[in-house]
Amino acid sequence: MNRSSSRRWRQVYALVLLLLAAEIIAFYFLTEYYR
Amino acid sequence: MGWLDWTVMIGTLLAIAAYGTWRTRHQRTVNDYLRGGGEMRWFTIGLSVMATQASAITFLSAPGLGYESGLRFVQFYFGLPLALVLIAAFFIPIYYRLRVYTAYEYLEQRFDLRTRLLAASLFLIQRGLAAGLTIFAPAIVLSSLLGWDLNFTNLFVGILVIVYTVSGGTRAVSVTQRWQMGVIFLGMVLAFGILVYHITQEVSMPVALELAGTAGRMQVLDFSFDLDQRYTLWTGLTGGLFLALSYFGTDQSQVQRYLTGRNVRESRLGLMFNAALKIPMQFFILFTGVLVFIFYLYQQPPLFFNEVALERLEEQGYGEELDELQGRYDQNYQQLQEARQLLSESYVAGGHGEASASAKSLFREQLAEDQQLRQELKNLLLEVDPEFKVKDTNYVFLTFVMEYLPAGVVGLILALIFSAAMSSTSSELNALSTTSSIDLYRRLFNREVSEAQHLRVSRWLTLLWGSLAIGFALTASLFDNLIEMVNLLGSLFYGSILGIFIVAFFLRWIKGRAVFWAALVGEAAVLLIHFGRVWHWEWLSFMGTIGYLWYNVIGCGLVVLTAVILQAFGQKRVS
């Protein structure tokens, strides 16, 4: 696999993990709001 | 259930099975039959992975969990995206480079034959038993709620799955799963929409959610480090990660789904599709359960959702106690409604001040009383039969569906439950047949087998595993603790299998001999810990009541550690 493709994959993985972080933060606010 | 529901349900299921069989009727090579010709696109792979994981119990129990305890269960899935990223980055390229049919094939290339056979056998034992349960678990709920014959339900689902899985193999599994996921999405969205409609007839949505929040149903995150708490942020991120790594990375019923891809890119995208969508989807299912909870603040729910249990109480001569309990329950529900009314008025007025605080605490008190009465009923049920399963979580959603959804939609939701059962079962049978055909039959007994013969054997093996699954489902009701035992079996084996794969992928200097013995040591240790706890051995008391989830972590950790030590020690001795 060439270098640019593996860089693109790293970006995809980073995006997925960012989404997870965003979801956890959103859940945090949801939890706090209804506490 | 009226004719419309029957037509929708049977029509949907038969149409999907018939379409799957017809579309995939020409399977000429083993590559076609076991790897779907290796030409699937990412969307099909993504849906297939999702459909395999979502079994009927997901749709029966997750809304029930949402009803009972809110959104907390979603934390269990936090490790999943992490696991899928690791698998996409490290596992998939290697599986593709070696062009394997099964995950266990790789183990022979990396280590040796016996490690491959060990992992394949552990998979066959565990999945072979679990496949029967995938059919049995929803059948028992449906037969109890709808009065259907348990054996008929088992046979109906089992035979339908066998027909298309035997005929079309992996491709039939993928083709049908696309449609089954369609039915599942449509059913869930309809149920959700109808719930929102009913609720907004009574109260505005923001106030409804405030009510659910006051009842503790809207909280997602739990930061506590208490090991007894099954669902916390930390168990989700650690235990959930290990479980997802074992399941998606080493369980053939999942590995086979993404090995059908056209290339590495399609497989990776299929997994990323799940990494992005699984948490929102699970949240949505749990949230539907929360809506059911809100709905039942306006319509009185039954005292216990599995009504067969109540009939049983009456038969056993506990009618009087039951009536008395029911009377108190009805009375409390009236008070609960008053408290709910007071609270919603206070929210409409802004939700601040002393009046609002007292309305909140009154509402919570009434809910606690409601819980207390349910607990009293459960105690009564246990008095009659100490072995009785007093959890009625799996019955909540369908009870609501049967009573309040319009004709036609009920049939669709039942088709949803069956579709979920069938989509998981077909993947399981397909994987069992592939593993026994590639890792056992071809490797051990007939290495020079012809293409046609191998295809025939794979078909027969699918039929054999399907028949075993049905046979198991038909006898499961005879043994009380069977379900727990099978679920437990999964947790007992998963850790060691994952340990083998972690060593294979990440610790390249460790060889077959070390990892094989490490796997046996790890497995023995997990079994020892488990049975030690069952028999209350003193020295294990420090482990408290940790759940099965942690066996994965312990088993995997022990295998990796032992393999490292054995390899290091072995090398020293040689040098």
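A residue counts as buried when 20 or more other C-beta atoms lie within 10 Å of its own, with C-beta atoms placed from the backbone. By that rule, buried residues make up 9% of the 35 residues in chain A. The structure is a predicted model, so every statement here describes a prediction.

Chain A has one helix and zero strands. Its C-alpha trace spans about 50 × 10 × 5 Å along the principal axes. Where chain A meets chain B, the contact takes 15 residues from chain A and 14 residues from chain B. On the chain A side, the residues that touch chain B divide into twelve nonpolar, one polar and two charged. For the model as a whole, the scores are ipTM 0.95 and pTM 0.92.

Chain B has a mean pLDDT of 90, and 96% of its residues reach 70 or more. Within chain B, helix α13 (residues 264-295) has the highest confidence, at a mean of 96. The lowest is found in helix α20 (residues 482-506) of chain B, at 83.

Two helix pairs of chain B show how its helices pack. Two packed helices are described by the angle between their axes and the distance between the axes. In the first pair, helix α7 (residues 113-146) of chain B packs on helix α21 (residues 512-534) of chain B at an angle of about 30 degrees, with the axes 9 Å apart. Because angles under 35 degrees count as roughly parallel, α7(B) is roughly parallel to α21(B). Their crossing is left-handed. From α7(B), the contact is made by B:Arg114, B:Thr115 and B:Leu118, and from α21(B) by B:Gly512, B:Val515, B:Phe516 and B:Ala519. The residues of this contact divide into four nonpolar, two polar and one charged.

The second pair is helix α15 (residues 319-348) of chain B and helix α16 (residues 353-384) of chain B, which pack at an angle of about 160 degrees with their axes 9 Å apart. Angles over 145 degrees count as roughly antiparallel, so α15(B) is roughly antiparallel to α16(B). The crossing of α15(B) and α16(B) is also left-handed. In the contact of α15(B) with α16(B), the residues divide into 14 nonpolar, five polar and seven charged.

Some single residues of chain B join parts of the chain that are far apart in sequence. B:Val553 lies in helix α22 (residues 549-574) of chain B. B:Val553 is partly exposed because it has 18 C-beta neighbours inside 10 Å. Its C-alpha is 6.2 Å from that of B:Phe242, although the two residues are 311 residues apart in sequence. Leaving out residues up to four places away in sequence, B:Val553 touches B:Thr238, B:Gly239, B:Phe242 and B:Gly495.

B:Leu155, in helix α8 (residues 150-202) of chain B, offers another such pairing. The C-alpha atoms of B:Leu155 and B:Leu474 are separated by 8.1 Å, with their positions 319 residues apart along the chain. B:Leu155 has 16 other C-beta atoms within 10 Å and is therefore partly exposed.

The last residue to look at is B:Arg99, in the loop between α5 (79-97) and α6 (103-110) of chain B. Most residues other than glycine have a negative phi. In B:Arg99, however, phi is near 50 degrees, a positive value. B:Arg99 counts as exposed because it has 11 C-beta neighbours inside 10 Å, and the cut-off for that class is 12 or fewer.

Definitions and conventions
Residues are numbered from 1 along each chain as its sequence is written. Chains are lettered from A and ligands numbered from 1 in the order in which they are written. This is a predicted model: local features need pLDDT of at least 70, side-chain atom pairs count only at pLDDT 80 or more; totals for chains, interfaces and linings use all residues. pLDDT is the predictor's confidence in each residue, from 0 to 100. Helices (H or I, at least four residues) and strands (E, at least two) are DSSP runs, numbered from the N terminus. Two residues are in contact if their C-beta atoms, placed from the backbone, lie within 7 Å. Ala, Val, Leu, Ile, Met, Phe, Trp, Tyr, Cys and Pro count as nonpolar, Asp, Glu, Lys and Arg as charged, and the others, Gly among them, as polar. Axes are lines fitted to C-alpha atoms, for helices over the stretch in contact, and angles run from 0 to 180 degrees between N-to-C directions. Angles under 35 degrees count as roughly parallel, over 145 as roughly antiparallel, 65 to 115 as roughly perpendicular and the rest as oblique. A crossing is left-handed if the near helix is turned anticlockwise from the far one by less than a right angle, and right-handed if clockwise.
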